[in-house]
Amino acid sequence: MTNRKTARTASLAAIAALALTMTGCARSLQFSGALRYGNLMTAPEARESTANARAQLLELADSYGLETRYAGDKTLHFVAQAPSFTVTQPDGAVEERADTRIVHVKVKFGEGIGRHAYRYYCWVEGTEPVLFTDEDRARFGLALLAVREIFEKPIETDFLGG
């Protein structure tokens with residue numbers, strides 16, 4: 001029974017490795033969302049809030065270490081290197097390794113959900129490193145949550161005019 005279970009586990013691991021190899025540098029969508037704010041303001045205030053939202057996102061992303069790849073009027077594109085991880089060697093030594101994946105976040109203003117709104121989405125380019133553990137995945141997930149927080153912060157607005 002144990003040999004059958006071991007063979008099945010090895011087969012599943014081989015299939016998973018093959019799937020990862022075949023996807024190459026495919027995009028893996030991690031999160032997306034939108035913030036609509038123009039419905040709560042007059043048109044001039046909403047236009048000003050869009051400019052403010054763009055400036056705030058650029059500043060926040062920079063403060064968190066995201067690189068601005070593109071900053072147009074209606075689109076922002078940020079990138080970041082995935083955090084490094086550690087591998088414990090058979091002799092007990094710990095080695096730090098680079099995760100070569102790139103995290104992308106794109107923000108689009110006023111497309112499809114209203115004029116005074118923005119939509120953001122994040123994807124990861126590349127494949128998971130060899131010897132990546134569940135603990136490494138959890139740390140990577142926490143890093144993605146930290147990135148998501150940047151784009152989920154409410155924009156500074158003055159709804160009541162003073």
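**Exercises on strands, core and rings**

In this predicted model, L76 and V107 of β6 stand opposite each other. The exercises below start from that pair.

**Exercise 1.** Determine which strands β6 pairs with, and in which sense.

*Solution.* Begin with strand β3, residues 75-81: seven bridges join it to β6, residues 102-109, and the two run antiparallel. Within this pairing, V107 in β6 is the residue facing L76. Next take strand β7, residues 117-125, which pairs with β6 over eight bridges, again in the antiparallel sense. Here K106 has Y121 of β7 opposite it. Strand β6 is thus joined to β3 and to β7.

**Exercise 2.** Decide whether T75 is buried or exposed, and list its contacts beyond four places in sequence.

*Solution.* First locate the residue: T75 belongs to strand β3. Its relative accessibility is 17%, and the limit for a buried residue is under 20%, so T75 counts as buried. Once neighbours within four places are set aside, T75 is in contact with Y70, K106, V107 and K108.

**Exercise 3.** Identify which residues of the largest nonpolar core touch the most other members, and which elements supply at least two residues each.

*Solution.* The core has 28 residues, and those touching the most other members are L66, F78, V107, F109, Y118 and F151. At least two residues come from each of α2 (43-63), β3, β4 (85-88), β6, β7 and α3 (134-152). Helix α3 gives the largest share, five residues. As a closer look at one member, F78 touches residues including L57, L58, A61, L66, V103, V105, V107 and F151, with those up to four places away in sequence not counted. As a general background, nonpolar side chains in soluble globular proteins tend to be buried together.

**Exercise 4.** Classify the ring pair of Y121 and W123, and state how exposed each residue is.

*Solution.* The structure holds seven aromatic pairs. For Y121 and W123, the ring centres are 5.8 Å apart and the planes lie at 25 degrees; stacked pairs have planes under 30 degrees apart, so this pair is stacked. Y121 has a relative accessible area of 22% and is therefore partly exposed, whereas W123, at 5%, is buried.

**Exercise 5.** Name the members of the aromatic cluster, and find over which rings R101 lies.

*Solution.* One aromatic cluster is formed by F31, F78, F109, Y118, Y120 and F151. Turning to R101, its charged end sits over the ring of F132, 5.1 Å from the centre. R101 also lies over the face of F140, at 4.1 Å from that ring centre.

Terms used
Residues numbered from 1 in each chain as written. Predicted model: local features only at pLDDT ≥ 70, side-chain atom pairs only at ≥ 80, totals over all residues. Heavy atoms only, no water. Pairing = 2+ DSSP bridges. Helix = DSSP H or I, 4+ residues; strand = E, 2+ residues; numbered from the N terminus. Core = buried A, V, L, I, M, F, W, Y, C linked by side-chain atoms within 4.5 Å. Buried < 20%, exposed > 50% of the residue type's maximum accessible area, 1.4 Å probe, protein only. Contact = heavy atoms within 4.5 Å. Phe/Tyr/Trp six-rings, centres within 6.5 Å; stacked < 30°, edge-to-face > 60°. Lys NZ or Arg CZ within 6 Å of the ring centre and 35° of its normal.
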